[in-house]
Amino acid sequence: MLHHNWNVSDEQLFNVIKINNKLQDELDVIKNPQPYKFEDLKELIGKPIFDYKYKEFYILAEVKEEELYKDEGLEKFMICSDKKGLMRVFFEEGRFFPITKALEYQE
């Protein structure tokens, strides 16, 4: 019986360690958010994003790609709203993050 209880205890310990590791991974994602890729933005229409370059929040309204700007390398852009209204924001790699990135700048 003692041996059986020991095995059950070990199994419970392994389950707790497994859940702890999963929670730690999720916490790391929140504490160290990665920038959005352009393809990811299409799923975030209507949601807030953080502009790391200007330390601003935007609500994503539309995501577009146009051939017109390909010569300048600015073919990817978003239509966003902020406190001033709607505006066009060109996409840059490493610029747009989940809003949890703004926690670094809290006082």
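This passage describes the overall fold of a predicted protein model, its sheet, and the surroundings of two residues, Asp-51 and Arg-95.

The protein, 107 residues in length, contains two helices and five strands. Along the sequence these elements follow the pattern α-α-β-β-β-β-β. Buried residues account for 24% of the protein. The accessible surface of the protein amounts to about 8300 Å², and carbon and sulfur atoms contribute 55% of that surface. When contacts between residues at least 6 apart in sequence are considered, 44% of them join residues at least 24 apart.

The five strands are arranged in an open sheet with the order S4-S3-S2-S1-S5, and the pairing within this sheet is antiparallel. Strands S4 and S5 form the edges, each pairing on one side only. Within the sheet, S1 lies between S2 and S5 in the strand order. The pairing of S1 with strand S2, which spans residues 56-65, is antiparallel and extends over four bridges. Across this pair, Pro-48 stands opposite Ile-59 of S2.

Strand S1 covers residues 48-51 and includes Asp-51. The relative accessible area of Asp-51 is 0%, and the residue is therefore classed as buried. Beyond the residues up to four places away in sequence, Asp-51 touches Glu-56, Tyr-58, Arg-95 and Phe-96. One of these partners, Arg-95, is located outside the strands, in the loop that connects strand S4 (85-90) with strand S5 (96-97).

Despite its position in a loop, Arg-95 is also buried, because its relative accessible area of 9% falls under the 20% cut-off. The side chains of Arg-95 and Asp-51 are joined by a polar contact of 2.7 Å. This contact links the loop between S4 and S5 to strand S1 through two side chains.

The surroundings of Arg-95 include further residues. With neighbours within four places in sequence set aside, Arg-95 is in contact with Phe-50, Asp-51, Tyr-52, Lys-53 and Tyr-54, as well as with Val-89 and Phe-90. Phe-50 and Asp-51 fall in the range of strand S1 (residues 48-51), whereas Val-89 and Phe-90 fall in that of strand S4 (85-90). Taken together, Asp-51 with a relative accessible area of 0% and Arg-95 with one of 9% form a buried pair whose side chains meet in a polar contact.

Definitions and conventions
Residues are numbered from 1 along each chain as its sequence is written. This is a predicted model: local features need pLDDT of at least 70, side-chain atom pairs count only at pLDDT 80 or more; totals for chains, interfaces and linings use all residues. Side-chain values use heavy atoms; hydrogens and water are left out. Buried means under 20% relative accessible area, exposed over 50%, partly exposed in between (1.4 Å probe, protein chains only). Contact means heavy atoms within 4.5 Å. Accessible areas come from the Shrake-Rupley method with a 1.4 Å probe; for residues, only the protein chains shown count as cover. A polar contact is a pair of N or O atoms within 3.5 Å; within protein, one must be able to donate a hydrogen and the other to accept it, and residues adjacent in sequence count only if both atoms are side-chain atoms. Two strands pair if DSSP finds at least two bridges between them.
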